[in-house]
Amino acid sequence: MIVPVIELQEGKRGKIIEILGGCGVQNQLRSIGILESKEICVVTLHPFRGPVVIRVDGKTICLGRGLASRIMVELAV
Amino acid sequence: MGNPNVGKSVVFSRLTGTQVITSNFPGTTVDYSQGTTCLDKERVFIIDAPGTYSLIPSNPAEEVSSRILNEADLVVNVIDATNLERNLILTLDLISRGIPLLVVLNLWDEAKHTGIEIDVRRLEELLGVPVIPTVAVTGEGIADLASYLYKPIPLPPHESWSDEEKWVRIGHITTEVQTITHRHHTLRDLISDVTIKPVTGIPIAFFVILVSLWAVIFAGESIITYVSDPIFAYYLPLITQVSDWLGPGFIQQILVGELIDGQIDFEQSMGILTTGLFVPFGIVLPYVIVFYILAAILEDSGYLPRLATLTDTFFHRVGMHGYGIVPVFLGLGCNVPGILATRVLETRKQRFIAATLIAISVPCMAKTAMIFGTLVHLAT
């Protein structure tokens, strides 16, 4: 099942399948280490449309909802 | 030059002996600083550029960086060994510019500590430029770097890639040179998770802020009671003699001020040599000292970015990023560095909101001390 990161629950893991959006968005995310085929883990989702905290390669990254909704992941079983 | 928060300024300080401000959050250097060093009796200009993720500028600090780059004879690219992958994109960008390049693999000890091993020789081969591992904070490897500055640096193989190809290359390079040993869930990870989740993080944030304020008040008052009050107690007879010697008149009014019940009262006399010295040195300075010690602790522990994440939702309501907490927090110490720090915010609108917020609603430590000083009579 392929869903955007913001639809994952806290503590869930997945594999990044694709990054939606133009070149700018893709480069922005890649330059902070969010690349296709990487393992991603949702640390926490802040309430009231707050930021999303994820972990990739042992690094903790905080993203806004807008960017996070562009990362499509495949849920790990 | 290099990514934000990789230690460029520390490398710069080490090379030039110049003291520049370094701190543990991205965006400390927003303007460039210049230094010179002597190589073979020749003076060399070294420029410390603000951190940038790419050569296509997306904020004012990055614009400064790419402008400086156009005038450089040699670029020292500082990269963070713990974040090789995301740092390499800039390295590849620099290589394709065709300027002589040195790669400094900083935070080498940190990388080893977290279980990342990097094959430096292989990385050199793959990139085609010299790579020097360093630990800038302790100075390890800096001598190596300096010795490289003497030698003529071979031009990197002039190649250019499309964005897609760059990412493929980076993937290739990192898998070749980097081995990550698996790390167990450490206490550090646990603390990191707890402080960033809203349920536990928000109470912790309140706790941290309350404890900080309490520590400032407590330690500040202790310094006042045990250090500055005794000093001013010695000073009192001296200034009383001066006052008697001057006799009543205009000069006494200015230097010593009004006598309260025939005595000098440091808080109410309002003379240059009495209240004028007592308030800044006796009351305000102790609080300012303690505040900066505390700010340094919070900064080095890396807690501020977490605070920024937690406050992000709220700050968005007032039109800013959570990162706006950093200038606001610095503004608590003194409004001037706080307002200078608003330069790290991305848009003009955000900078305006942050600067206004600091100016009208964030009391600096000196103001806070004055507030305490004024209100303490009402409390007791």
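Reader: How do you know that the end C-alpha atoms of helix 16 of chain B are as far apart as they should be?

Author: This is a predicted model, by the way. Helix 16 of chain B covers residues 365-379, and at 1.5 Å a residue its 15 residues should span 21 Å. The end C-alpha atoms are 20 Å apart, so the two values agree.

Reader: What makes a residue of helix 16 of chain B buried, and which ones are?

Author: The cut-off is 20 or more other C-beta atoms within 10 Å of the residue's own. Met365(B), Thr368(B) and Ala369(B) are the buried residues of that helix, so each of them meets it. They pack against helix 11 (275-300) and helix 13 (325-333) of chain B.

Reader: And how much of each chain counts as buried?

Author: In chain A, 35% of the 77 residues are buried. For chain B, 35% of the 380 residues count as buried.

Reader: OK, over to chain A. What is its pattern along the sequence?

Author: Chain A reads β-β-α-β-β-β-α-β, with two helices and six strands. The six strands form an open sheet in the order 1-6-2-3-4-5, with antiparallel pairing.

Reader: Why are strand 1 and strand 5 of chain A said to stand at the edges?

Author: Strand 1 (2-4) and strand 5 each have a single partner strand, so one side of each is left without a neighbour in the sheet. From one strand to the next, the twist averages 45 degrees.

Reader: How do you know that strand 4 and strand 5 of chain A pair?

Author: Pairing takes at least two bridges between the strands. Strand 4 (residues 52-56) and strand 5 of chain A have five bridges, so they count as paired, in the antiparallel sense. As for a particular bridge, Ile54(A) has Ile61(A) in strand 5 as its partner.

Reader: Now the two chains together. How many residues are in contact?

Author: 19 residues of chain A are in contact with 18 residues of chain B. On the chain A side, helix 1 (23-31), strand 3 (39-45) and strand 5 (59-63) each supply at least two residues. Helix 1 gives the most, with four residues. By class, that side has nine nonpolar, eight polar and two charged residues.

Reader: Which strands of chain A does helix 8 of chain B lie across?

Author: Helix 8 (residues 187-196) of chain B lies across strand 3, strand 4 and strand 5 of chain A. Its direction is at about 45 degrees to strand 3 of chain A.

How values were computed: Residues are numbered from 1 along each chain as its sequence is written. Chains are lettered from A and ligands numbered from 1 in the order in which they are written. This is a predicted model: local features need pLDDT of at least 70, side-chain atom pairs count only at pLDDT 80 or more; totals for chains, interfaces and linings use all residues. Two residues are in contact if their C-beta atoms, placed from the backbone, lie within 7 Å. Ala, Val, Leu, Ile, Met, Phe, Trp, Tyr, Cys and Pro count as nonpolar, Asp, Glu, Lys and Arg as charged, and the others, Gly among them, as polar. A residue is buried if 20 or more other C-beta atoms lie within 10 Å of its own, exposed if 12 or fewer, and partly exposed in between; C-beta atoms are placed from the backbone. The expected span of a helix is 1.5 Å times one less than its number of residues. Axes are lines fitted to C-alpha atoms, for helices over the stretch in contact, and angles run from 0 to 180 degrees between N-to-C directions.
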